[in-house]
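Open your viewer, set the cartoon view and keep the selection box handy. We will go from stop to stop, with something to click on at each one.

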Amino acid sequence: MLNNQFPGSVAKLPRVDLALLPTPLHKLSRFTEALGGPTIYIKRDDLTGLAGGGNKTRKLEFIVADALAQNADCLITAGGIQSNHCRQTAAAAARYCLDCHVVFGANPPSVVEGNYFIDQLLGAKFYWTEKRRRNEKMEEVAAALHEQGKRPYVIPVGGSNALGAIGYATTMFEIKDQLRAANINIDYLIFATSSGGTQAGLTVGGHLSKLGSKTIGVSIDQVPDDQSDFKYQAFVLGIANDAAQLLGMDYMFTHNDININYDYLGQGYGVVGDIEREAVRLLARTEGILVGPVYTGRALGALIDLIRKDIFRKEENVLFLHTGDDIALHAYRKDFEV
Ligand SMILES: *Cc1c(COP(=O)(O)O)cnc(C)c1O
């Protein structure tokens, strides 16, 4: 379902059909009760419907359409072994009859499980390199495929560029429609942020739709800009402004528009701690809904902690965006033995 209130500039962009939209938005009554804080709602982008679902599917609707418009016959992307983005890209490629080449910033694992197992079912081809060489390796794979007469299309890590972000700008309109129909106001929108496209898109969509809720990305693995050569907040801002330009918006976002909470990095990316374990179990045992440990478990754990720190008033409403990673749970089962 395409939102008819969305600026006409979106309708002009090529888009393929990958996601089952709108994804459900509903209240988490027992989870809310267990925490005794604000009322918590959930937006189910784990149910986008493509090989396990997740947030990359919305981005890929615009990115794959661009690849097809450029007459590509194969996709190249990169991520970690348990990348939800690589899984959804492999599924999108299958759907549109494209080959999919996945560069992993790791050594081949001894066990085939979780997302990596699904990637194999989907027919993706794999390449291995050091994490810091992922982008370089994608270019090498592209050059080699060109040599063979192929027409490769490189998708950045996480599908995080202006086109990908537009998938999340449209989501804000979808959310606004659902909230209006249910007569609910949302004070905060909370989600996991990591490669930036989701947050950039939500920022653009929040401005265009005038939804008016505060958007907070919980950083999964990125540190504040003054602590790294890679300036994450500036990167997200850059994507937001690129997307705004692509949409013909006469508006420049600033750092104040990009709210990131860096307090839940724990022991690092993919290291499952008490916060993640509690969040996964609490949502499972109160609502029967699964979150994965790396992204949504961490972001939901952050929300639980913020509620306990009395950041929200009881009469406020919080919307948690489930970005879809429960397929990875099996690969982390040993982390739940403690
Ligand atoms: C990729 C991913 C995110 C982060 O989205 P970005 O657009 O990369 O910031 C959050 N949750 C899950 C499950 C993801 O796979």
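Begin by selecting Gly159, which is buried because its relative accessible area is 1% (buried means under 20%, exposed over 50% and partly exposed in between, with a 1.4 Å probe and protein chains only). Gly159 belongs to the loop between β6 (152–154) and α7 (162–182); helices (H or I, at least four residues) and strands (E, at least two) are DSSP runs, numbered from the N terminus.

A word on what you are looking at: this is a predicted model, in which local features need pLDDT of at least 70 and side-chain atom pairs count only at pLDDT 80 or more, while totals for chains, interfaces and linings use all residues. Residues are numbered from 1 along each chain as its sequence is written, and side-chain values use heavy atoms, with hydrogens and water left out.

**Next stop: from Gly159 to the ligand**

Draw a C-alpha to C-alpha distance from Gly159 to Gly196: you should read 9.1 Å, with their positions 37 residues apart in sequence. Now show the ligand. A backbone N or O atom of Gly196 is 2.9 Å from one of the ligand's oxygen atoms. With the protein in place, 98% of the 380 Å² that the ligand exposes when taken alone is buried (accessible areas come from the Shrake-Rupley method with a 1.4 Å probe; for residues, only the protein chains shown count as cover).

Turn on a surface and you will find the ligand in the largest pocket. A pocket here is an open set of points on a 1 Å grid over the protein atoms alone, where a 1.4 Å probe fits, with protein on both sides within 12 Å along at least five of seven lines; a molecule sits in it if more than half of its atoms lie within 2 Å of its grid points.

**The shell around the ligand**

Which residues come nearest to the ligand? Select Lys56, Lys59, Ser195, Thr198 and Thr323, out of 17 around it (a residue is near if one of its heavy atoms lies within 4 Å). The shell is made up of eleven polar, three nonpolar and three charged residues; Ala, Val, Leu, Ile, Met, Phe, Trp, Tyr, Cys and Pro count as nonpolar, Asp, Glu, Lys and Arg as charged, and the others, Gly among them, as polar. Colour α3 (56–69), β7 (188–193) and α8 (197–209), since each of them supplies at least two shell residues.

Zoom in on Lys59 in helix α3. An N or O atom of the Lys59 side chain is 2.6 Å from a ligand oxygen, and Lys59 is buried, at 1% relative accessibility. Then click Thr323, where a polar side-chain atom is 2.6 Å from a ligand nitrogen.

**Over to helix α7**

Select Gln178, which lies in helix α7 and counts as buried because its relative accessibility is 18%. Its side chain joins that of Lys43 through a polar contact of 2.7 Å (a pair of N or O atoms within 3.5 Å; within protein, one must be able to donate a hydrogen and the other to accept it, and residues adjacent in sequence count only if both atoms are side-chain atoms).

**Last stops: three loops**

- Pro22, in the loop between α1 (8–11) and β1 (25–27): look for the cis peptide bond with Leu21, where omega is about -5°.
- Cys97, in the loop between α4 (84–95) and β4 (99–104): phi is positive, about 60°, although Cys97 is not a glycine, and the residue is exposed at 74% relative accessible area.
- Asp310, in the loop between α11 (296–308) and β10 (317–322): phi is near 60°, a positive value in a residue other than glycine, and Asp310 is exposed at 64%.

Technical notes
On a 1 Å grid over the protein atoms alone, a cavity is a set of points where a 1.4 Å probe fits but cannot get out, and a pocket is an open set with protein on both sides within 12 Å along at least five of seven lines; lining residues have an atom within 4 Å of a point.
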